[in-house]
Amino acid sequence: MIESLYIKDYALIDELDVSFSSGLSILTGQTGAGKSIIIGALNLVLGERAETESIRTGAAKAIAEISIRIPDDPQLRAMLEDAGIEPSTTLLLRREVRESGSRAFINDTPVTVSVLKQVGDLLVDLHGQHDHQLFLREEEHRKVIDALPTVKPALEQWQAQYVTVQTVKSELNRLRKREAELTQKLELSQYQLKELEAARIDADEIGSMIQEMRLLDSAEELDMKAGLVASIGAEAEPNVMEMLARMEKALLDLSEIEPGFAPFHQEFSAAKISIDEAVRYSERYRSTIEHNPARLEYLRGRQSELRRLEKKYGKTPEELLVWMEELRREIHLAENFDVEISKLAGRLEAESARLGLAGKELTQARADSGRQLSAALVEVLATLGLPYAVFEVRQETLAQPTEFGASDVRFFISTNRGEAPKPLAKTASGGEISRIMLALKSVIAREQRLPVMIFDEIDTGISGAIAEKVGQTMRALSRTCQILAITHQPQIASQAHTHYVVAKDERGDRTLTTIRPLSAEEHIREVAVLMSGESVTDAALTSARQLIARAVNA
């Protein structure tokens, strides 16, 4: 149940903090007093659309917050745990609206508005002033049936299998389309693969090829220059190495007489060693030089071929190798489409059969739940002044199944003895729709065990004795869940366990909305006001006491 509601800087509300009790809480007040503002704030904190226009003039943000005691519900507990919220016996749902957007919190933990709405949907059913008009739209009828706990599992099973079938269908269509595309280009793909395979592409080949070509192309120059270095050896004339040896000996002798020559001797000796090694390496290297014009010509042709392929296909050698694998797969697929399509078609047939079974189970679950709902609904309608009501839930097979099943749901009703049921959307009057909606909410509340139900003028189109019966039904329903209801009917207000009055308050140059609970005597007077207006007569007070006494003693 909602234990308290806090609103700050929302529309005409400066700051409002009100506690609620269990049972039936009735809110009354003059038209325009701000009852719809309170409903708007409740909608806001339950995750509905936030409007920046709702921020009170001059305020930075609007706040709506409810403290709600929750049942031990596994689905709710799992939802809270997924959002990182420690489950507790009481939740604090909060919504803040700024010019830049809105923020949502549960127990001071930031959550998305989607999570806030999902949690709110499990805890509160808020019926707005015009929501009963949804009943006149036949597409809403299926939603009513599918929300029942006895139908939900079958619907979820259908939807999961429906997604599977659609996925397989899409894959089969994609494969057939791909078959047409690949068949058209099969000859081209085969030619391209043959050309690339003939080129024997090696990703590492380009670098080594360039190096080898450079060496082959420079063979004569390498041989000549290496020979020049080697020519200063022992067989040369003059013998450079012999001259260097004599110079090294002279520097050694000088350093022994004059130490200042010692560093030069050391450096010269090191240089002579390096020169000697260069000569020996050059002599050995000349024997390894390859003079192979034929090989050079082959490599040049190979390089030209690879560059031609790169230019032709706009890909590097590495990318050409990857593309070759893609071509092989496409060609294999094109040559084996019959097998692949046959496998997928077989799977589609099997999954479609499973979908058919799921559809039968869903249709049966809707039929069983529809009969149960109809029986319960007729029982409640009898207490609401429709003793001869007949209500039927009918299904019609769809030409094309949807994600919601292979059949659609329509409500039929007859409210007069001897009349055959006709489509609800075409036959029910405004007052009947209000009663049917209340009856439906009563049955669903018992089925789904919702902790809180909020009615904003569900009594549209009814009055007198029927209004009293509506009030009695709401009071009876409040034994199983908390009811908050806005009404202008004294017969309904008289049924309240707690009565609140909503009023406008002029403070300085501002108009503000307030709400307060009434005492027992104030409750009687407010019911009398609803009967006779602001000029309350003794007769109205007497009638109010009688109405309230009947409610208490019922």
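Here is a walk through this predicted model, from the start of the chain to its later helices.

Let's begin at the N-terminal end. Strand S1 (residues 2-10) and strand S2 (residues 13-19) run antiparallel and are joined by six bridges. If you want a spot to check by eye, Tyr6 of the pairing stands opposite Asp17 in S2. The two strands make a hairpin with two residues between them, and Ala11 is found in that loop between S1 and S2. Ala11 has a positive phi of about 55° although it is not a glycine. With a relative accessible area of 27%, Ala11 counts as partly exposed because buried means under 20% and exposed means over 50%.

Asp9 deserves a stop too. This residue is found in strand S1, and its phi is near 55°, again a positive value in a residue other than glycine. Is Asp9 buried or exposed? At 9% relative accessibility, Asp9 counts as buried. Its side chain meets that of Arg56 in a salt bridge, 2.8 Å from N to O. Arg56 lies in the loop between helix H1 (35-45) and strand S4 (61-69) while Asp9 is in strand S1, so the pair ties together parts that are 47 residues apart in sequence. Arg56 is buried, just as Asp9 is.

A little further along, Leu24 lies in strand S3 (residues 24-28). Leu24 is buried, at 0% relative accessibility. Leu24 and Met1 are 23 residues apart in sequence, and their C-alpha atoms are 11 Å apart in space.

Now jump ahead to the sheet further down the chain. Three strands form an open sheet in the order S9-S10-S11, with antiparallel pairing. S9 and S11 stand at the edges with a single partner strand each, so one side of each is left without a neighbour in the sheet. Strand S9 (residues 390-402) pairs with S10 over nine bridges, and these two strands form a hairpin with two residues between them. Thr402 has Gly405 in S10 as its bridge partner, and Glu396 stands opposite Asp408 in S10. On the other side of the pairing, S10 meets strand S11 (residues 422-423) over two bridges, where the bridge partner of Ile413 is Lys422 in S11.

How covered is S10 (residues 405-414)? Mostly: eight of its ten residues are buried.

Rings come next. A search of the whole structure finds five aromatic pairs. One of them is Phe391 with Phe411: their ring centres are 5.1 Å apart and their planes are at 55°, so the pair is tilted. Phe391 sits in strand S9 and Phe411 in strand S10, 20 residues apart, and the pair links distant parts of the chain. Both of these phenylalanines are buried.

Rings also have charged company here. Arg142 lies over the face of Phe404, at 3.8 Å from the ring centre. In another spot, the charged end of Lys315 sits over the ring of Trp323, 5.5 Å from its centre.

Back to helices H8 and H9, where there's a surface feature to look at. Leu254, Phe261 and Phe264 form a nonpolar patch on the surface, with about 280 Å² of accessible area together. Phe261 has its place in the loop between helix H8 (240-257) and helix H9 (262-286), and at 31% relative accessibility it counts as partly exposed.

The two helices are also connected by charge. The side chains of Lys272 and Glu248 meet in a salt bridge at 3.9 Å, N to O. Lys272 lies in helix H9 and Glu248 in helix H8, so this pair ties together parts that are 24 residues apart in sequence. Glu248 is partly exposed, at 22% relative accessibility.

Finally, look at helix H17 (residues 520-532) and helix H18 (residues 538-553). Arg545 and Glu521 meet through their side chains in a salt bridge of 3.6 Å, N to O. Arg545 lies in H18 and Glu521 in H17, so the pair ties together parts that are 24 residues apart in sequence. Arg545 counts as partly exposed at 41% relative accessibility, whereas Glu521 is exposed, with a relative accessible area of 51%. Elsewhere, salt bridges that share partners join Lys61, Glu65, Arg94, Glu96, Arg98 and Arg103 into one network. Over the whole structure, a search finds 33 salt bridges.

Methods: Residues are numbered from 1 along each chain as its sequence is written. This is a predicted model: local features need pLDDT of at least 70, side-chain atom pairs count only at pLDDT 80 or more; totals for chains, interfaces and linings use all residues. Side-chain values use heavy atoms; hydrogens and water are left out. Patches are made of residues with over 30% relative accessible area and no salt bridge: like charges are joined within 9 Å, nonpolar side chains (Val, Leu, Ile, Met, Phe, Trp, Tyr) within 5 Å. Accessible areas come from the Shrake-Rupley method with a 1.4 Å probe; for residues, only the protein chains shown count as cover. A salt bridge is a side-chain nitrogen of Lys or Arg within 4 Å of a carboxyl oxygen of Asp or Glu. Helices (H or I, at least four residues) and strands (E, at least two) are DSSP runs, numbered from the N terminus. Buried means under 20% relative accessible area, exposed over 50%, partly exposed in between (1.4 Å probe, protein chains only). Two strands pair if DSSP finds at least two bridges between them. Rings of Phe, Tyr and Trp (its six-membered ring) pair if their centres lie within 6.5 Å; planes under 30 degrees apart count as stacked, over 60 as edge-to-face and the rest as tilted. A charge sits over a ring if NZ of Lys or CZ of Arg is within 6 Å of the ring centre and within 35 degrees of the ring normal.
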